[in-house]
Each structure stands twice: as structure tokens, then as C-alpha cells.
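Work through the exercises below with the sequence and the 3D view side by side. Try each task before reading its solution.

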Amino acid sequence: MKNIISSSSISPLICFFVFFFWLGHGGAQGIQHSAAAINDADKIRSQFLHLLRTRRSPQVPLTVEPSKPVRHPLFQQVPTPTFSEAMESCPKADIKNLKERLKEENFYLHTEAGVQGRLPVLILSLKDSKQKRRPAVVFLHSTNKNKEWVRPLLEAYVSREYIAIAIDSRYHGERAHNLTTYRDALVSSWIKGDTMPFLFDTVIPPFSFSLVDCKSLLLPFSSYCSKKVRDLKVWDLIKLADYLTQRKDIDPKRIGITGESLGGMHAWFAAFVDTRYAVAAPIIGVQGFRWAIDNDKWQARVDSIKAVFEEARVDLGKSAIDKEVVKKVAPGLASIFDSAYSIPAIAPRPLLILNGADDPRCPLDGIKTPTKRARKAYAKAHSSNNFKLIVQPGIGHEMTSLMVKEASDWMDRFLKQ
């Protein structure tokens, strides 16, 4: 049985992605983008809302469909991971029989039409909590994993009187059917332009640009482009926020979001787009896409999702993947929604960025400009203490126990006041 959830909030996501397509194809030439305007979050969001009101796509009602716990979650990697020291190290309260006191909810949120519009959700909380409204934290998994993988983190937060939430990213977990579902979706996005699985289906759209030139359709807001733009990941997170803010056991003003790697990217962009995520702590996810392209530091990122770039290389008649191939596959990533502009726009809400000093996918030099601009934005908002960057020496693309603890402490600092 499905329960329909009403939503009075106006989601900025559709216009975010339509606008993103527009920018990726030169549609912004008629707008004067000064540095001040780019860093003005209110102006960016007002543009989103304007586009939303004028070109809003049809939507399905947000509904809840009960489901059962997943006993054998799908991992799209071999060998299947079985243990994470970092997650197990998350600070926990000393509660006897914690597992017996856990309340587990499994359900699907229907966020839009289609198979991938069925969002699997896992929520853990304490059965006998004395708090009427509790803070909530959303934790987002990394590539090829699933919501069940982050359960140790969810349980640790629940022990400290949080309501803890995880979802399956698109083409992952219950939204996948074999070991290559995510990879196949990436390749399909290049060949057919039928989906946007990397950042934009759970948050923003990079790959569908290759075969869909919105400029040729009179305006980037054509019905076709609008349809493509609805296949979003941040869309899922905005619809998730619609649901969470209506729960009677969650304080709607105390919702945090964090995640690892791909999940860290999702957390970063969700916090940028939706101000209902009051606190953010992306882990090994924040990077500078334009910087990486300009400085030939894109190889590690490409290697992490290489199949789509190989497909593009062949189509473009290249003997090897080069900068031109990268630009063709993902032109919009280096737009004004890159980290240099979207990270400062999160101010004044608390933002903690956690990266490894030797991470080739998120090079430290690539986030110097974003962090510099963020510090300026937070200072301007008289909230300098709400922004922090932690770079762990000697660490590559790896979530560590230190990062997990720092993210946990950050949530406690701002969500449990």
C-alpha cells in the first residue's frame, strides 16, 4: 500500500539541472556573471526558482511504499566488501542491547515516474526514545555499494539519539540488478543520452550532454531537455527532504547530510541546492572539476568510471582518453556549479570538508580556490566557525576513522545544541 505525502515546498532542483544544461552548452552568454553574482547563493537560487516556475515538469505524488529488509544486498564489486574499520570506529553511546532497541524502517519513496524513480530508504531509530523530535543524519554510500553497507554508521548515530537515514543511489543496491548495472548506465548515458547516473541522477547531470545539444532545440528549456533533466540524484535527496521534514519524530531544522566519495559529492551538491540540509560533512568527495581539466589531473577520476570514457574515446576516434574526451563526456561539471562556486553558496550553514592530502581523485590543489572563497563567504556571513577543512596527511582516496569521528563530532556540535 502506498501513502501519499503532500509537499508544500518548491523544489529548486529541476531548474537547477535545466540551468546546468543551459550553461554547459553556452546558454549563459546573455547573462553577466560577475564573481559577486556567482557567489551570491540567493541570486543563484532565485534563478532556479524562476526556471522552476516557468518550466516545471509534470511530477508524480510523493508516495511511500512499505518494503522489507534486504538480506543479501547487491555490491557491484568483486570481492564483496565485508568490513570497514572506519565505519565501525564511529563514536557510539554505551547502550545495552542496542540492536534489540533499534526500530528499522524499510520503504520506497516514489520520487518520479520510472523504475529509477523508486527510491529505497532505510531508517534506523531508537524504539523508546524520550525525545519527541530528534536530529537526523543522512549518510550516502560510495560507488558500487548500497545503503546496507553504511549500517554501522547508522547504528552509531542512533545510539546517540539521532534518526539515521540511508538510501540506495541510482543504479545501486535495490536499484541495480547485476554487477554491471551502474557501469552500463554510464555507458548508456553516452550512447543514448537516456540517463545521468554519475552525480546528477542522485544530485546533478554530466553525461547526457554528449548526444543532446540543447542549443539546437531553440531553448535549453524544451520539453525534451526538461524530461532529461528530471533524471536526477539530487532530485532524490530533495524529495527525501520533503519526506523527512514532515515526520513527527524529526526536527526539520536539524537535518545533516554526509557521505563517502560519490556519496560525499551527493552530500555537497544536496547541501548547495537544498537549504533544509542544515549541516553538511562531505568525506573525500569535494574536488575542483575545472581545475582538474585545466591541470591534467583528471586521470584518477576517469579511471574510477572508465567504461563511459572508453566508449566516448572510440566514438571520437581517439587512440587514448585525453582532455578533449573528458570535456565531451562531462562539459557541465566545470560550469558555475563547480566547487569554486557551489561550496561558498552553502554559507552560512555549517560545512566540514574532509579529504586526504594524497587523494588523486580529489587533488588538494584543486580545492584551494573553493576553500578560499568559502572562508570569505562564511566571514561575510559572520559565521567563520561554521566552515572547516580537514586534510589528513598521507591519505589517498580513503575514508578513515579520523574522518568518521570528525564528521560525527561536527554533527554533534551543530545538531545537538
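**Exercise 1. Classify R101 by its accessibility, then find its charged partner.**

Step 1. R101 has 28% relative accessibility, so it counts as partly exposed. The scale is this: buried means under 20% relative accessible area, exposed over 50%, and partly exposed in between, with a 1.4 Å probe and protein chains only.

Step 2. Keep the source in mind: this is a predicted model, where local features need pLDDT of at least 70, side-chain atom pairs count only at pLDDT 80 or more, and totals for chains, interfaces and linings use all residues. Residues are numbered from 1 along each chain as its sequence is written, and side-chain values use heavy atoms, with hydrogens and water left out.

Step 3. R101 forms a salt bridge with D128, and their closest N and O atoms are 3.0 Å apart. A salt bridge here is a side-chain nitrogen of Lys or Arg within 4 Å of a carboxyl oxygen of Asp or Glu.

Step 4. Place the two ends. R101 sits in helix 5 (residues 98-101) and D128 in the loop between strand 4 (118-126) and strand 5 (134-140), so the pair ties together parts 27 residues apart in sequence. Helices (H or I, at least four residues) and strands (E, at least two) are DSSP runs, numbered from the N terminus.

Step 5. D128 has 43% relative accessibility, so it too counts as partly exposed.

**Exercise 2. Compare the two ends of the K147 salt bridge.**

Step 1. The partner of K147 is E174, with the closest N and O atoms 2.6 Å apart.

Step 2. The pair links distant parts of the chain. K147 is in the loop between strand 5 and helix 6 (151-159), while E174 is in the loop between strand 6 (163-167) and helix 7.

Step 3. K147 is at 0% relative accessibility and counts as buried. E174 is at 30% and counts as partly exposed.

**Exercise 3. Look for further salt bridges.**

Step 1. The whole structure holds 27 salt bridges.

Step 2. One of them joins D251 and R254, at 2.9 Å from N to O. Both D251 and R254 are buried.

Step 3. K99, E104, R151 and E155 form a network of salt bridges.

**Exercise 4. Explain why helix 7 is described as largely enclosed.**

Step 1. Helix 7 covers residues 181-191, and 8 of its 11 residues are buried, so the rest of the structure largely encloses it.

Step 2. Its buried residues are T181, Y182, A185, L186, V187, S188, S189 and W190.

**Exercise 5. Trace strand 9 and its neighbours.**

Step 1. Strand 9 and strand 10 (residues 387-392) pair in the parallel sense over 6 bridges. Pairing requires that DSSP finds at least two bridges between the strands.

Step 2. Take one bridge: G356 is partnered by Q392 in strand 10.

Step 3. Add helix 16 (residues 368-380). Strand 9, helix 16 and strand 10 make a right-handed β-α-β unit. Right-handed means that, with the strands pointing away from the viewer, the path from the first strand over the helix to the second runs clockwise.

Step 4. Now pick N355, which lies in strand 9 (residues 351-356). N355 has 1% relative accessibility, so it counts as buried. Its contacts (heavy atoms within 4.5 Å) include I284, C362, I390 and M403, not counting residues up to four places away in sequence.

**Exercise 6. Find the backbone exceptions.**

Step 1. Start from the rule: most residues other than glycine have a negative phi, and most peptide bonds are trans.

Step 2. The peptide bond from V78 to P79 is cis, with omega near 0 degrees. P79 is in the loop between strand 2 (62-66) and helix 4 (85-88).

Step 3. Another cis bond joins A347 and P348, with omega about 5 degrees. P348 lies in the loop between helix 15 (339-342) and strand 9.

Step 4. N97 is not glycine, yet its phi is positive, near 55 degrees. N97 belongs to the loop between helix 4 and helix 5.
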